[in-house]
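Work through the exercises below with the sequence and the coordinates open, and try each task before reading its solution.

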Amino acid sequence: MLLSASLLAFVSSVLAAAGPGHAGELSRRAAPDSPSGSYPPANVDCPSTRPTIRAADSLSQAERDWLRERRPKTVQPMIDLLRRGNIPDFDAEGFINNHANNFSVIPNIGIAVSGGGYRALMNGAGFIAAADSREAGSTGAGQIGGLLQAATYVSALSGGGWLVGSIYANNYTTVTRLRDGSPDSSVWKFEDSILGGPDEPGVSILNTAGYWSDLVDNVDDKRDAGYAVSLTDPWGRALSYQLINATQGGPAYTLSSIANDERFANADTPFPIIVTVERAPGNDNLALNNSVVEFNPYEMGTFDPTFYGFAPTRYLGSQFNRGEINSTGHCVRGLDQLGFVMGTSSSLFNYALIELTNSNGESEVPTVVLNMVEGILETISGESNDVAVWEPNPFRGYHPGINRNANRESLILVDGGMALENIPLQPVIQPMRAVDVVFAVDSSADTEYYWPNGTALRATYERSKQDVANGTNFPAVPGANTFINLGLNRRPTFFGCDVSEFRGGHVPPLIVYVPNAPYTINSNISTFQMSTEVEEKLRIIQNGWNVATMGNDTVESDWTTCLSCAVLSRSLQRTGTTIPAACNTCFQRHCWNGTENEATPTAEPTFIIGDAAATANPQNAGVTLRTSSMSLAVAVLAALFLA
Ligand SMILES: *[C@@H]1O[C@H](CO)[C@@H](O)[C@H](O)[C@H]1NC(C)=O
Ligand SMILES: *[C@@H]1O[C@H](CO)[C@@H](O)[C@H](O)[C@H]1NC(C)=O
Ligand SMILES: *[C@@H]1O[C@H](CO)[C@@H](O)[C@H](O)[C@H]1NC(C)=O
Ligand SMILES: *[C@@H]1O[C@H](CO)[C@@H](O)[C@H](O)[C@H]1NC(C)=O
Ligand SMILES: *[C@@H]1O[C@H](CO)[C@@H](O)[C@H](O)[C@H]1NC(C)=O
Ligand SMILES: *[C@@H]1O[C@H](CO)[C@@H](O)[C@H](O)[C@H]1NC(C)=O
Ligand SMILES: *[C@@H]1O[C@H](CO)[C@@H](O)[C@H](O)[C@H]1NC(C)=O
Ligand SMILES: *[C@@H]1O[C@H](CO)[C@@H](O)[C@H](O)[C@H]1NC(C)=O
Ligand SMILES: *[C@@H]1O[C@H](CO)[C@@H](O)[C@H](O)[C@H]1NC(C)=O
Ligand SMILES: CC(=O)N[C@H]1CO[C@H](CO)[C@@H](O)[C@@H]1O
């Protein structure tokens, strides 16, 4: 297996050198295409057109070309979804067909999956499954299957990034296939904490000792190859065993290889984006004006006026200076290792690894692992431990007037949720992407009992009023108490329904806020619960499906109608089409209309349908990080920001 992986990588690098396009013919799914054949990046011959950094004043040519293929492919799934939505006295199918060649009218749909550890992965998985027409039962009456097929973008961060990364890493498979796993694979085996390693040997895992020694070897190899390592390296490697169904968790898998995945390349999937936050050294207080850095299969960078540039994902690791690789600089590939990207977006969980070293002999973690963690902690002392070090910094010398990292050898990136924006909205509110509606799936742990209270939306709204917004706009959202008192945290709520709010400025997408809520199980497990029993995993994913469909239209008989109205809202407005009466009724019910109630709330959410687990095993047993030994700072972060 290992041999063929490196052989494949070798062949594809030869083909890649021969010209663009050929590598795609060979690897028809996300693939182990790192030129080293393993975890470290490696030098490659520069392509004839040397990679450069570009300004963020447009979408990349690659994304624009891809969109030209994608948008038409969303039309039929959208018609199927809207037909099921069955808006009375309105011919949605006719409306779409009449405009089928005009993509400034056809709804442009985004899905944004929040962070929040395994809770966010599983609740988000329930939403994605319900939205995916390939899932059994997703296209019956009262169901929203096909929303995923009708979507253009899917953005994710931290625990949400684990979900989306895992789907795309595994040949764009379904949630149900990942959920059920397969013998010999540790994919989605959340009953085994990654802190303990997999507990049975299989094709994709050696054994527990092999797990740890491979992990340490990978990190050592990257360092020996001349690249800085941080705790995010072992963290990302450990995560990968559960997220990437390949030998050793796919050490050579890259994010950019998704561009060659057959279905992505044919625009049969939405465009995946993983979100992180930039933090300059010494800048310990993350604020909303820290750059939001996105990773997609083509590019990594930011639209923020902080360095306002994008680097080619495939050539991250190359020696860029002032936006170019000079004649003596090397081209490098493989730094965009997929687990490292997912680990970067969830770097807060680096503390899980530190926790290991603090567990004083209770753990069975080999000394070699403890030594590795301690070694890394020493080399980056002075810097916080929850960071990912990206070195060389692709934006070195780039846009020096606005880029506070212009003189830095490394770019420090952290967990996408750490500046409070725990829903990855920045990529999908960029005017250039022209998204009309975003399903914002929020699994944040804002309240005392780990339910969301709108904090993430408020952060994005606040950011939209600062200089860093750089032309992005966002609807107003009320305070946390109002969210709870009006039940905006219990049912899907629309923000930005009335476009007059934007006073003639850029109209951002309608936000369909989909909060994690207890339909059939208390899906509010702790962000730091690091393992989940099989039964609980099934139930949280099922609860997420109920959250997405309002209990398959049982809680609200016309939710699929209202969802259809939300999808069409901006298009109806732009074309001056009369809003169907049924949609007005939906908007009355689901749009936040400006009412506030900031009285101190008293209650945490109660079951919306019923406690499906009441008659079954009541124990939510799992390995939770012992907060007692976490530093105060982490505890505060966890309580305040995390998600
Ligand atoms: C990926 O999935 C597609 C569709 O299910 C299938 O046709 C193809 O064989 C799969 N490719 C790999 C490499 O597993
Ligand atoms: C994992 O990969 C193996 C080997 O390619 C495959 O047989 C199995 O179906 C995969 N499992 C999942 C859950 O995708
Ligand atoms: C970012 O915001 C913080 C306060 O929230 C402020 O101190 C800092 O100057 C701001 N940075 C920039 C570059 O505007
Ligand atoms: C070219 O780039 C390399 C690596 O960034 C650097 O060490 C070297 O000084 C640069 N040479 C020139 C002439 O700028
Ligand atoms: C809302 O969430 C924030 C953290 O995200 C928390 O500080 C605040 O106490 C919460 N308020 C309520 C009423 O739940
Ligand atoms: C989940 O929420 C319920 C109330 O909605 C609460 O009783 C329970 O303690 C919460 N679970 C956790 C782990 O906080
Ligand atoms: C909704 O449908 C899903 C998928 O079939 C199922 O798992 C779930 O239990 C249903 N919810 C309710 C409330 O019946
Ligand atoms: C597309 O629709 C917009 C909005 O209705 C309209 O202004 C534009 O003229 C249409 N373009 C074409 C080519 O029909
Ligand atoms: C606004 O919403 C509140 C409840 O959220 C409702 O009581 C009120 O009647 C609504 N106002 C209007 C003008 O629709
Ligand atoms: C729309 C807008 O304000 N764009 C600005 C974003 O930031 C860059 C870099 O500062 C400016 O050049 C753009 O004009």
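The exercises that follow treat two ligands, two helices and one loop residue.

This is a predicted model, in which local features need pLDDT of at least 70 and side-chain atom pairs count only at pLDDT 80 or more, while totals for chains, interfaces and linings use all residues. Residues are numbered from 1 along each chain as its sequence is written, ligands are numbered from 1 in the order in which they are written, and side-chain values use heavy atoms, with hydrogens and water left out.

**Exercise 1.** Find the residues that surround ligand 2 and its polar contacts with side chains.

Solution. Begin with the surroundings, counting a residue if one of its heavy atoms lies within 4 Å; this gives Arg 177, Gly 181, Ser 182, Val 187 and Asn 245. Next, look for polar contacts (pairs of N or O atoms within 3.5 Å). An oxygen atom of ligand 2 lies 2.3 Å from a side-chain N or O atom of Asn 245, an oxygen atom of the ligand is 3.1 Å from such an atom of Arg 177, and a nitrogen atom of the ligand is 2.7 Å from a polar side-chain atom of Ser 182. Finally, take the accessible area (Shrake-Rupley method, 1.4 Å probe): ligand 2 alone exposes 370 Å², of which the protein buries 53%.

**Exercise 2.** Which residues are around ligand 9?

Solution. The residues around ligand 9 are Gln 588, Asn 593 and Thr 595. The side chain of Asn 593 places an N or O atom 2.5 Å from an oxygen atom of ligand 9. Taken alone, ligand 9 exposes 360 Å², and 35% of that is buried by the protein.

**Exercise 3.** Which residues of helix α19 are buried, and which exposed residues does the opposite face carry?

Solution. Helices here are DSSP runs (H or I, at least four residues), and buried means under 20% relative accessible area, exposed over 50% (1.4 Å probe, protein chains only). In α19 (residues 581-590) the buried residues are Ala 582, Cys 583, Cys 586, Phe 587 and His 590. They cover an arc of only 140° around the axis, so they lie on the same side of α19. The face turned away from this buried side carries the exposed residues Ala 581 and Gln 588.

**Exercise 4.** Where does helix α3 bend?

Solution. Helix α3 (residues 61-85) has 25 residues and reaches 35 Å from its first C-alpha to its last, close to the 36 Å expected at 1.5 Å a residue. The bend, of about 30°, is at Leu 67; it is the angle between axes fitted to the seven residues ending there and the seven starting there. Just after α3, Asn 86 takes a positive phi of about 50°.

**Exercise 5.** Is Glu 448 buried or exposed?

Solution. Glu 448 is found in the loop between β14 (437-442) and α15 (455-463), where strands are DSSP runs (E) of at least two residues. Glu 448 is exposed, because its relative accessible area is 67%.

Methods. Polar contact = N/O pair within 3.5 Å; in protein donor to acceptor, adjacent residues only side chain to side chain. Expected span 1.5 Å × (residues − 1). Arc of directions from axis to C-beta.
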